[in-house]
Amino acid sequence: DIRGQFTDLLRIFDVAGRPPTTKYLFLGNYNGRKPENFKQIETVLLLFILKIKYPDSIHLLRGNYECGSISRIYGFYDEVKRRFSVKLWKKIVMCFDCIPIAAIVNEKIFCCHGGLSPDLRTFDDIRAISRPTDVPEHGLLCDLLWNDPSSTLGYASDYRLGYEFGPDVLTRFLEKHNLDFMCRGHQVESNDRVVPHVIFMYVIIRFVFRFF
């Protein structure tokens with residue numbers, strides 16, 4: 001998650017290297033919530049520009065915030081409208097609707113913003129999702145962007161959208177597809193919570209410091 005934190009994005013490039021020298025896979029949520037973010041537009045447009053300029057070095061996955069309705073709730077719409085125009089916001093949302101949903105790294109790491117879904121049987125199910133598309137309130141696309149891991153076995157309804165999925169669900173999925181682990185965003189995890197075979201990527205420095 002970047003959540004519109006432009007300075008944090010630049011810091012990542014300074015520390016880890018800039019494209020095309022360093023390759024990146026971002027897991028979504030490029031815009032964020034007010035009042036934490038002040039340069040959401042710069043964050044989103046810089047990533048889009050880098051994707052166009054270095055298509056083999058910058059890879060973007062869709063997060064649950066890359067959605068017209070969510071971006072209106074949490075401040076991205078207001079920022080774009082105030083600084084530019086509603087027309088620009090609509091154009092950006094059209095781009096959100098086209099962003100890929102999941103990726104596999106080195107044939108061993110499954111990456112998405114949210115989590116697993118009871119509707120995900122094979123990777124062809126993901127390939128079959130037609131884009132551009134808005135994010136529905138239920139179904140495979142919603143689950144891949146919203147679902148979270150849980151210590152409870154099986155699937156359980158989440159308090160927001162989608163489900164929580166248990167360690168048994170994850171183990172079966174990894175074994176079936178010969179994967180080692182999954183990498184996801186969507187949540188800040190404290191150091192005392194370890195979810196086997198799951199790597200959480202959340203890089204908003206100010207948000208993480210406040211969480212701990």
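# Burial, cores and ring pairs in the predicted model

Student: Why does Gly 114 count as buried?

Tutor: Its relative accessibility is 0%, and the term buried requires a value under 20%; Gly 114 is therefore classed as buried. Please bear in mind that this is a predicted model.

Student: Where does Gly 114 lie, and which residues does it touch?

Tutor: Gly 114 lies in the loop between strand 4 and helix 6. Leaving out residues up to four places away in sequence, Gly 114 touches Asp 143, Leu 144, Leu 145, Trp 146, Asn 147, Met 182, Arg 184 and His 186. As for Cys 142, the C-alpha to C-alpha separation from Gly 114 is 8.7 Å, with the two positions 28 residues apart in sequence.

Student: His 113 is found in the loop between strand 4 (109-112) and helix 6 (123-127). How do you know whether His 113 is buried or exposed?

Tutor: The relative accessibility of His 113 is 0%. Set against the limit of under 20%, this value makes His 113 buried. Among the residues that His 113 touches, beyond four places in sequence, are Asp 1, Leu 27, Arg 62, Asn 64, Leu 144 and His 186.

Student: What makes the pair of Leu 27 and His 113 a polar contact?

Tutor: A polar atom of the His 113 side chain lies 2.9 Å from the backbone oxygen of Leu 27. The cut-off for a polar contact is 3.5 Å, and the 2.9 Å separation falls within it.

Student: Why is the aromatic pair of Phe 110 and Phe 123 called stacked?

Tutor: The ring centres are 5.8 Å apart, with 20 degrees between the planes. A pair requires centres within 6.5 Å, and stacked requires planes under 30 degrees apart; the values for Phe 110 and Phe 123 satisfy both conditions. Phe 110 belongs to strand 4 and Phe 123 to helix 6, so this pair ties together parts 13 residues apart in sequence.

Student: What makes the rings of Phe 110 and Phe 173 an edge-to-face pair?

Tutor: Here the centres are 5.1 Å apart and the planes stand at 65 degrees. Since edge-to-face applies to planes over 60 degrees apart, the pair of Phe 110 and Phe 173 is edge-to-face. This pair links distant parts of the chain, for Phe 110 is in strand 4 and Phe 173 in helix 8, 63 residues apart.

Student: How do you know whether Phe 110 and Phe 123 are buried or exposed?

Tutor: Phe 110 has a relative accessibility of 1%, and Phe 123 has 16%. With buried set at under 20%, Phe 110 counts as buried, and Phe 123 counts as buried too.

Student: How many aromatic pairs does the structure hold, and which residues do ring pairs link into a cluster?

Tutor: There are eleven aromatic pairs. Phe 13, Tyr 24 and Phe 26 are linked into a cluster by ring pairs.

Student: Which residues have the most contacts inside the largest nonpolar core, and which elements supply it?

Tutor: This core has 25 residues, and those with the most contacts inside it are Phe 110, Leu 116, Leu 120, Ile 126, Leu 144, Phe 173 and Met 182. Strand 4, helix 6, helix 7 (140-146) and helix 8 each contribute at least two residues, and helix 7 gives the most, six. Another core, of 23 residues, lies apart from it and includes Phe 13, Ile 41, Leu 60 and Val 93.

Student: How do you know where the buried residues of helix 8 lie around its axis?

Tutor: The buried residues of helix 8 (residues 167-176) are Val 169, Leu 170, Phe 173 and Leu 174. Viewed down the helix axis, they fall within an arc of 125 degrees, so they line one face. The exposed residues Glu 175 and Lys 176 are carried on the face turned away from that buried side. Just after helix 8, Asn 178 takes a positive phi of about 55 degrees.

Student: Why are strands 5 and 6 said to stand at the edges of their sheet?

Tutor: The sheet is open, with three strands in the order 5-7-6 and mixed pairing. Strand 5 (148-149) and strand 6 (155-157) each have a single partner strand, so one side of each lacks a neighbour in the sheet.

Student: What makes strand 5 and strand 7 a pair?

Tutor: Pairing requires at least two bridges. Strand 5 and strand 7 (residues 163-165) have two bridges, in the parallel sense, and thus meet the requirement. Pro 149 stands opposite Phe 165 of strand 7.

Terms used
Residues numbered from 1 in each chain as written. Predicted model: local features only at pLDDT ≥ 70, side-chain atom pairs only at ≥ 80, totals over all residues. Heavy atoms only, no water. Buried < 20%, exposed > 50% of the residue type's maximum accessible area, 1.4 Å probe, protein only. Helix = DSSP H or I, 4+ residues; strand = E, 2+ residues; numbered from the N terminus. Arc of directions from axis to C-beta. Polar contact = N/O pair within 3.5 Å; in protein donor to acceptor, adjacent residues only side chain to side chain. Contact = heavy atoms within 4.5 Å. Core = buried A, V, L, I, M, F, W, Y, C linked by side-chain atoms within 4.5 Å. Phe/Tyr/Trp six-rings, centres within 6.5 Å; stacked < 30°, edge-to-face > 60°.
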